[in-house]
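Okay, can everyone see the screen? I'll put the sequence and the model up, and then we'll walk through the fold together.

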Amino acid sequence: MAGLEGMEQPRPRSGTAAAGWALPEAGRKTVPAQGRPVSAALELVADPVLDEVRLPSRPQSAGIARRLTGAVLLKQWSLSPQLAEHAVLLVSELVGNAVRHTGARCFGLRMLRRRGWIRIEVRDPSRGLPCLMPVQEMDTSGRGLFLVDKLSDRWGVDLLPRGKTTWFEMRVTDR
């Protein structure tokens, strides 16, 4: 699927050292952002707008990714609460897939904004492609990509030399 034309998407190799919960400038251990105000998530982990944030591949990371997404969309970008709610849900689904299905030790989260659009990416080291499955009303799992497909304007997967980036894009009204 096509991405945003003309948007630079550098993939820094260093990433943010969120996997060890260390602040890069201080080099000391901190506690995860759970239970802290939304803006504290950006202070503790890093800003996914500036650089890819690397998180450990475990279920608790979904909550951190949700808080980071909410903080960026609501506080930094001043987007609507409904758009933020949808994006937070979709991030949770992509992170859940990365944690459950890749066997990776960590994954990356990145957020990009361009006039009229936001793009959120989850990168993992697996080259296994996600599959959009038909969903039935009583299904208790397998709805993640269905939700991504329904709530985003575009989504896709970019294969990388080592892994893939699963992304979604949503239209926004610039104020």
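Quick bit of vocabulary before I count anything: a helix here is a DSSP run of H or I with at least four residues, a strand is a run of E with at least two, and both are numbered from the N terminus. By that count, the protein chain has 4 helices and 5 strands. And keep in mind that this is a predicted model.

Going along the sequence, the pattern reads α-β-α-α-β-β-α-β-β. The protein chain has 175 residues, and buried ones make up 48% of them. If you take contacts between residues at least 6 apart in sequence, 67% of those join residues at least 24 apart.

Now the sheet. We've got an open sheet of 5 strands, antiparallel, in the order E1-E2-E3-E5-E4. Strand E1, residues 53-56, and E4 are the edge strands with a single partner each, so each has one side left without a neighbour in the sheet. On average, neighbouring strands are turned by 20° against each other, ignoring direction. Helix H3 packs on this sheet and touches E2, E3 and E5, and its direction makes about 170° with that of E5.

Let's zoom in on E3, residues 117-124. How many of its residues are buried? It's 8 of the 8, so the strand is largely enclosed by the rest of the structure. As background, side chains in a regular strand alternate between the two faces of the sheet. Here, Trp117, Arg119, Glu121 and Arg123 point one way, while Ile118, Ile120, Val122 and Asp124 point the other way. Yes, that puts charged names on the list, and they are buried along with the others.

Who sits beside E3? On one hand there's E2, residues 106-114, pairing with E3 in the antiparallel sense over 7 bridges. Met111 has Ile120 as its bridge partner in E3, and for Leu112 the partner is Arg119. E2 and E3 make a hairpin with 2 residues between them, and Gly116 in that turn has a positive phi of about 85°. Then there's E5, residues 163-171, also antiparallel to E3, over 8 bridges. Arg119 turns up again there, with Glu169 as its bridge partner in E5.

Arg119 has a ring to look at too: it lies over the face of Trp167, at 4.1 Å from the ring centre. There's another such arrangement at Trp117, where the charged end of Arg154 sits over the ring, 3.9 Å from its centre. As for aromatic pairs, the count comes to 0.

Next, helix H4, residues 144-151. Gly144, Leu145 and Val148 are buried there. Looking down the axis, the buried residues fall within an arc of 90°, so they line one face of the helix. What covers them includes helix H3, strand E4 and E5.

Last stop, a backbone oddity. Most residues other than glycine have a negative phi. Ser78, though, has a positive one, near 50°. You'll find Ser78 in the loop between helix H2 and H3. Is Ser78 buried or exposed? Neither, really: the relative accessibility is 38%, so Ser78 counts as partly exposed.

That's my tour, so let's open it up for discussion.

Technical notes
Residues are numbered from 1 along each chain as its sequence is written. This is a predicted model: local features need pLDDT of at least 70, side-chain atom pairs count only at pLDDT 80 or more; totals for chains, interfaces and linings use all residues. Side-chain values use heavy atoms; hydrogens and water are left out. Buried means under 20% relative accessible area, exposed over 50%, partly exposed in between (1.4 Å probe, protein chains only). Two strands pair if DSSP finds at least two bridges between them. The arc is that of the directions from the helix axis to the C-beta atoms. Contact means heavy atoms within 4.5 Å. Rings of Phe, Tyr and Trp (its six-membered ring) pair if their centres lie within 6.5 Å; planes under 30 degrees apart count as stacked, over 60 as edge-to-face and the rest as tilted. A charge sits over a ring if NZ of Lys or CZ of Arg is within 6 Å of the ring centre and within 35 degrees of the ring normal. Axes are lines fitted to C-alpha atoms, for helices over the stretch in contact, and angles run from 0 to 180 degrees between N-to-C directions.
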